[in-house]
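Hi,

Here's the model I promised to send over. Have a look first, and my notes on how the chains meet are underneath.

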2 protein chains.
Amino acid sequence: MTTEIDFEPWKLLGELAETGAVERLREEAERLGPRECARAISRLSRELQAKVLTALEPAAAADLMEEISEAQATGLITRLDTGTAAPILDAMASNTTADLLAQLPQHQVQALLREMQPEAAEDARLLVQYAPEEAGGLMIREYLAYPVSYTTQQVIDDMRRNSEKYSEYSIQYSFVVSPEGKLVGVLPLRDLLLTPSNVAIERIMIRNPMRVSDRATLEDLDAFFQERSFLGVPVVDDRDRLVGVVRRTDVDEALGKRANKDYLKSQGIVGGEELRSMPTLVRSGRRLSWLSVNILLNVMAASVIAFYQDTLSSVIALAVFLPIISDMSGCSGNQAVAVSMRELALGLVKPFEVIHVWIKEAAVGMLNGLALGLLIAMVAWLWKGNPFLGLVVGAALMLNTVVAVSIGGTLPLFLKRMKFDPALASGPILTTVTDMCGFFFVLSLATVLLPYIQA
Amino acid sequence: MTTEIDFEPWKLLGELAETGAVERLREEAERLGPRECARAISRLSRELQAKVLTALEPAAAADLMEEISEAQATGLITRLDTGTAAPILDAMASNTTADLLAQLPQHQVQALLREMQPEAAEDARLLVQYAPEEAGGLMIREYLAYPVSYTTQQVIDDMRRNSEKYSEYSIQYSFVVSPEGKLVGVLPLRDLLLTPSNVAIERIMIRNPMRVSDRATLEDLDAFFQERSFLGVPVVDDRDRLVGVVRRTDVDEALGKRANKDYLKSQGIVGGEELRSMPTLVRSGRRLSWLSVNILLNVMAASVIAFYQDTLSSVIALAVFLPIISDMSGCSGNQAVAVSMRELALGLVKPFEVIHVWIKEAAVGMLNGLALGLLIAMVAWLWKGNPFLGLVVGAALMLNTVVAVSIGGTLPLFLKRMKFDPALASGPILTTVTDMCGFFFVLSLATVLLPYIQA
């Protein structure tokens, strides 16, 4: 194994943290930048990670926290004492702070909120009341809002006065609110710029701007931004009071996170993201929770074979084809699952359109079943010189390909309708059913044609 | 099957297109909005889709084109005559137009460019020279740039004059260029607003702004935006001339597209996205191209079984466990693949760190192999009352679990290093190797212990 230069930063950070060389550690972290630094510390033990975070300035530590995965960030915060953790949370974006707090036990949340700056704590308290994927959970609290009684000059004066505080805000738009806090208008920065004289903002604001409810789902928000080129949208509560802004980037990020979770779940990584820096027992346990369900389903499916032991011992060659039929049907079925998952995500198909999907899949299944069935039949025939053996395995694979794509295509729709998670459940159900059917087709056909296929 | 109201729009649009009711079609399309409309027309035949597009105003047709998938959009443009297609392309965002043109045959591209408005055609000509995932291919040409000799008043006057044209631009920043077109500064709209008097923009611009090369990769851009909270970044060519702007949203979108393609490829959907509205033969052919490779690999793997026919016919019960070992090893291996794919995407692991990954996987593999091996050994023992049969299948599954996670964890790293596509190749290679090993373990152990396991 070659040691390359990229491999070094985490070792260096680890040593600096261990020896308490705070100054050099800060310099090194700054040189790396938050992203590289996050990668580097993900290799360190939890204790050393905590030491690195404690050594950094709160603002630098906050940048770092925003780069590492949620699972890691949560683990880390619990290892810091409240006095160290609170200023870091203060410096993070309000929605990221809230996401993190949502993962912690209640007593720890309360202790942290007490230590945090009042304004940041209040924002966090508001945001944690929402689910992480609804508008209230995705929104940020860093936005500009002005009373409807203001003039353009008052707005510009406020911006000048607070330019430092606002420097991290996205101020392409300012919002205009009534005395009760209701959203009454939006003030594009551009219009503020292009209005030559000092006028009441009420005169130039866009009235009744688009808004979303704080309870809007991620799908609602995705649809909203897909149809409009806005970079953000104001969020209002049930009394139409402005409570935050959801940015397009936060929605995109949440969608990306969900897609990744779906991918991991479909491959049997359940219970949250797995990183190899986690303890072996945790990783093993989580993976086993999924594997143990699968092995039971597998035993169930394979028990079909046990029923046909007599046929199998008469024509032992069939044993070679059973795993092939099982694997190939799984492959065909998974293709159909993937297309359905994608069409569901794009909204091209609705969960109740089972018949439409089934017709489309059955057509492909028949063609591909025919092709694959002929291929495997040829292999069997050539190998054993028995055309009937070819007929048995070819027909079985053909039939089972149709079964596999029919189930694979429609199962995600059914699961979605019944509020199950299709990413999680499609694979195991598909495999079990197609295995059972596949074994049944091969062995029952073989039983019927037994006189012709015995060598 | 129930007919629900959601199901109707595509039928209505189809009928309106067929009967040539242009006015009602336009109204209906406007009522639906581009996204719903895109979903609806994806159900229509290609001919009817072309009719709908022809009937709409170019701007509305452009909005629609931006909503439908690239594969569909390309198919559609080829069906429109050049005179209808060109104004639609004019009205689309420059990078979307370029993406679309990149999919078409050269003669058609030239014909379309001749019909398009000169400015839009020039933008498209520039953009199609780039790969779709590099900065030049992702950038938009709709940005504001002013000569360094301008004053703030001149900029504001230009903005006022062209406010309609710029209304679709994101003008949070304007760029400042030298007489040779080199990027020399950036002018935040905010600073323009907060500067009270008329001054040379050179005095208030931010000098030497961040920029990316037109050849920057998607990974470079992702890293850039991850580390900074910018909404966009200027793109320069090899002579440092400003050529475009890459927006954060376009990078996020490209990353999302790639993640989706990776998911589809890992499930055996190759050659581009599949929609069920595509012709059955195309869908069948593409899926078969993947399945036919797989069936050959499967036959290869299963041929291991053929070598042990004697053992198998002595202990026919083994045939029941072969598919279980194959499936379970596949499951364990896929979990490891998923974790590696994720860690590679996050940059948490580099392609050369094979040993590090292998050690982490082997530990989990041994624990999970032990658990699964014990489980299946118990099943075998209880079923046949023979502890040695349990020993054979349990030991085989245990060993093969370690093999599977070792291969699954490290294979994506190897493939990445050798510039193969891990999303595409990991699955089939993993399955083939673990099947071969699994069958070998079961059957060779059984051959050795044959005297003890024969019923």
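Let's start with the contact itself: 114 residues of chain A and 113 residues of chain B take part in it. One thing to keep in mind is that this is a predicted model.

How much area do chain A and chain B bury between them? It comes to about 10,600 Å², with 62% of that on carbon and sulfur atoms.

As for how the copies are arranged, a turn of 180° with a shift of 0.0 Å along the axis lays chain A on chain B, with an RMSD of 0.1 Å. That is how a two-fold axis relates two copies. The copies also meet through the same surface, because 99% of the interface residues of chain A are interface residues in chain B too.

Now for the polar side of things. Four salt bridges turn up across the interface of chain A and chain B. One that you can find in the viewer pairs A:Arg283 with B:Glu361, where the closest N and O atoms are 3.4 Å apart. There are also 14 residue pairs in polar contact across the interface of chain A and chain B, counting pairs with both residues at pLDDT 80 or more.

If you want a place to begin looking, try helix α19 (residues 318–346) of chain A: with 20 residues, helix α19 gives the largest share of the side of chain A that touches chain B. Sorted by class, that side of chain A has 59 nonpolar, 28 polar and 27 charged residues.

Cheers

Methods
Residues numbered from 1 in each chain as written. Chains lettered and ligands numbered in written order. Predicted model: local features only at pLDDT ≥ 70, side-chain atom pairs only at ≥ 80, totals over all residues. Heavy atoms only, no water. Least-squares fit on C-alpha atoms with pLDDT ≥ 70 in both. Contact = heavy atoms within 4.5 Å. Buried area = accessible area lost by both parts, 1.4 Å probe. Salt bridge = Lys/Arg side-chain N within 4 Å of Asp/Glu carboxyl O. Polar contact = N/O pair within 3.5 Å; in protein donor to acceptor, adjacent residues only side chain to side chain. Helix = DSSP H or I, 4+ residues; strand = E, 2+ residues; numbered from the N terminus. Nonpolar A, V, L, I, M, F, W, Y, C, P; charged D, E, K, R; others polar.
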